[in-house]
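Here are my notes on the model, as numbered points. Please read them with the structure open.

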Amino acid sequence: MTETIVKLADLVKPAAVAAPFVLSDEERHEIEHELSHYPDSRAASIEALKIVQKHRGWVSDEAIPVIAAAINISAADLEGVATFYNLIFRRPVGRHVIKVCDSISCHLTGYEELRDGLIEHLGVRLGGTTPDNRFTLLPICCLGACDRGATLMIDDDLHGPVEPAQIKALLEAYP
Ligand code: FES
């Protein structure tokens, strides 16, 4: 199957969405809790972004200045962190994000078969989200488990080695 040119980077580019953004009480409380662990609030910026992503699935452009104000850094600085850290999603994703490793070791241990099996099972291309908003499928570089290829992550769970025949049962654990 021909590999698409949709990449993780396409999803981490800021999207043009105009909506007012307000941190929930829970988000604000969790961010303040993280801040208490860091002497420099800048060091808490990734955690603050992760907190918002955990609650909303992604981090909109409108969220950046609000989060930045909450941790007392500039919006430009936080934008830089969000852009650099490619697991902060800047566009909406499905309830579960599948990241399939496309680096060299996994290429040698079944990446293409696994990728094609996922594409066929989900009915979406790389970068796509299923119509029921359940899964987003993304390629990603080395997951640091090269001895377990072919590997993938679903949300924060690392799986490997994964054979195409295991895809259906594996995904059933993520409703
Ligand atoms: S190359 Fe796939 S986990 Fe390292």
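Which residues does UniProt list for "binding site"?

1. The unreviewed UniProt entry lists Cys-101, Cys-106, Cys-142 and Cys-146 under that heading. They are spread over 46 residues of sequence, yet they cluster in space, with a largest C-alpha distance of 9.4 Å. UniProt positions follow the numbering used here, feature names are shortened, and annotations may be inferred rather than shown by experiment.

2. A word on the basis. This is a predicted model: local features need pLDDT of at least 70, side-chain atom pairs count only at pLDDT 80 or more, and totals for chains, interfaces and linings use all residues. Residues are numbered from 1 along each chain as its sequence is written, and side-chain values use heavy atoms, with hydrogens and water left out.

3. Cys-101 sits in strand S1, residues 96–101. Helices (H or I, at least four residues) and strands (E, at least two) are DSSP runs, numbered from the N terminus. Cys-101 is buried, at 2% relative accessible area. Buried means under 20%, exposed over 50%, partly exposed in between (1.4 Å probe, protein chains only). Leaving out residues up to four places away in sequence, Cys-101 touches Cys-106, Tyr-111, Ile-140, Cys-141, Cys-142, Leu-143 and Thr-151. Contact means heavy atoms within 4.5 Å.

4. Cys-106 belongs to helix H6, residues 104–108. Its relative accessibility is 2%, so Cys-106 counts as buried. Beyond four places in sequence, Cys-106 is in contact with Cys-101, Tyr-111, Gly-149, Ala-150 and Thr-151.

5. Next, the nonpolar cores. Such a core is a set of buried Ala, Val, Leu, Ile, Met, Phe, Trp, Tyr and Cys residues joined through side-chain atoms within 4.5 Å. The largest has 24 residues; Ile-98, Val-100, Leu-114, Leu-118, Leu-137 and Leu-152 have the most contacts inside it. Two or more residues each come from S1, helix H7 (111–122), strand S2 (135–140), strand S3 (152–154) and helix H8 (167–172). H7 gives the most, five residues.

6. Ile-98 shows how this region is joined. Not counting residues up to four places away in sequence, Ile-98 touches Leu-118, Leu-122, Phe-135, Thr-136, Leu-137, Leu-138, Leu-152, Met-153, Ile-154 and Leu-171. Apart from the largest core lies another, of 17 residues, among them Leu-23, Ile-64, Ile-73 and Leu-78.

7. One charged residue to check: Glu-27, in helix H2 (residues 25–35). Glu-27 is buried, at 1% relative accessible area. Outside its neighbours within four places in sequence, Glu-27 contacts Val-22, Ile-51, Val-52, His-55 and Arg-56.
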